[in-house]
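This report looks at how the helices, nonpolar cores and cysteine pairing of one protein model are arranged. Which residues are buried, and what covers them?

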Amino acid sequence: MPASPKTVRTSATRNGLLAVLMLLVAGTWFGSAAPARATSTAQAMDTQLLGLVNSERVANGLVSLRKDSGLASWAGERSLWMASHGLLTHTSWDGAPCSMYVKMRITWYGCAEAIGFTTAKYGSAAATFLFNLWKASPDHQALLMSASYNYVGIGVSYRAATHTTYASVLFLEGPDRSPPVVRYLHEGVSGHDVNWSWTGADPMLQTHYAGFKSYDVEISINGGAWRRVRTGSTAIAVTIRDEKAGTYRLGVRARDRAGNLSGWLTSATLKVH
């Protein structure tokens, strides 16, 4: 069994180059209990770690790393592999991070991974301990505070036989792959005039930020088929005047300069009497 509830080993790799920090490593890593991954506790720890990392980044004048669902899924698989095998390694599930990105056929310019394990109590205590350890390590702090990476995925898994939490943090520098966002500011009817207004934004990235570009707008009248009324427009309002009695719905989606599209945001049904 590990020697103390603070037994930890961590490791960081940047663009395939390995730097290792070991603290109080002890014990054997064998047991019959299956590691746990897909639990609400693991998900809460993933979220907590991301919050801790991004709070630290913002405090240091950096942009928050954007969570990428693909990276998060792969980080979860990697932590589960390490917990299953009782090993801390960058060649876990699907190999080294950079090689994995190549296999997954995603566009990337830089890759990195921070890994670690701890016997601190599974849950918030383990997440906090791992973050503080990474923060105290120059190699890991450099990853957490990098001005190059823009996406991240975090996954933790628990090995009950040794009361050990394993973690993988995958970093990616890549093109803007995040859709912009859009929301309605106003939806209303005035007499026989129907009007909508909205706003949109492309959430900021540390690097390779595409920036907001335009909106597409569609309308449906009386539950009929959607009809495109604007494409690639920068206008943020539509007013339809002197309409007959009926129902009206508007759909708006946003586009950034990298071609990423938001989903269609559909308004409430507005009635003209």
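A residue is called buried when its relative accessible area is under 20%, exposed when it is over 50%, and partly exposed in between, using a 1.4 Å probe and protein chains only. Helices (H or I, at least four residues) and strands (E, at least two) are DSSP runs, numbered from the N terminus. The model is predicted, so that local features need pLDDT of at least 70 and side-chain atom pairs count only at pLDDT 80 or more, while totals for chains, interfaces and linings use all residues. Residues are numbered from 1 along each chain as its sequence is written, and side-chain values use heavy atoms, with hydrogens and water left out.

**Two helices**

The expected span of a helix is 1.5 Å times one less than its number of residues, and the table sets this beside the end-to-end C-alpha distance.

| Helix | Residues | Number of residues | C-alpha span | Expected span |
|---|---|---|---|---|
| Helix 1 | 40-59 | 20 residues | 28 Å | 28 Å |
| Helix 2 | 69-85 | 17 residues | 24 Å | 24 Å |

In helix 1, the buried residues include Ala42, Met45, Leu49, Leu50 and Val53, and with them the polar or charged Asp46, Asn54, Glu56 and Arg57. Seen down the axis of helix 1, the buried residues fall within an arc of 160° (taken from the directions from the helix axis to the C-beta atoms), so they line one face of the helix. The face turned away from that buried side carries the exposed residues Ser40, Thr47, Ser55, Val58 and Ala59. Contact means heavy atoms within 4.5 Å, and what covers the buried residues of helix 1 includes strand 3 (66-67), helix 4 (124-136), helix 5 (138-144), strand 5 (151-159) and strand 6 (164-173). Gly61, which follows helix 1, has a positive phi near 75°.

Helix 2 has among its buried residues Gly70, Leu71, Trp74, Arg78 and Met82, and their cover includes strand 3, helix 3 (97-103), strand 4, strand 5 and strand 6. At its N-terminal end, Asp68 acts as a cap, with a side-chain oxygen 3.0 Å from the backbone nitrogen of Gly70. Just after helix 2, Gly86 takes a positive phi of about 65°.

**Nonpolar cores**

A nonpolar core is a set of buried Ala, Val, Leu, Ile, Met, Phe, Trp, Tyr and Cys residues joined through side-chain atoms within 4.5 Å. The largest has 25 residues, and those with the most contacts inside it are Leu49, Trp134, Leu144, Val152, Val169 and Phe171. At least two residues of this core come from each of helix 1, strand 4 (110-118), helix 4, helix 5, strand 5 and strand 6. Apart from it lies another core, of 16 residues, among them Trp198, Val217, Tyr248 and Ala254. Leaving out residues up to four places away in sequence, Leu144 touches Val53, Arg57, Phe131, Trp134, Lys135 and Phe171.

**Cysteines and a polar pair**

A disulfide, defined as a pair of cysteine sulfur atoms within 2.5 Å, joins Cys98 to Cys111 with an S to S distance of 1.7 Å. The pair links Cys98 in helix 3 to Cys111 in strand 4, 13 residues apart. Cys98 counts as buried at 16% relative accessibility, and Cys111 is buried at 1%.

Asn195, in strand 8 (residues 193-201), is likewise buried, with a relative accessible area of 16%. The side chains of Asn195 and His186 are joined by a polar contact of 2.8 Å, a term for a pair of N or O atoms within 3.5 Å in which, within protein, one must be able to donate a hydrogen and the other to accept it, residues adjacent in sequence counting only if both atoms are side-chain atoms.
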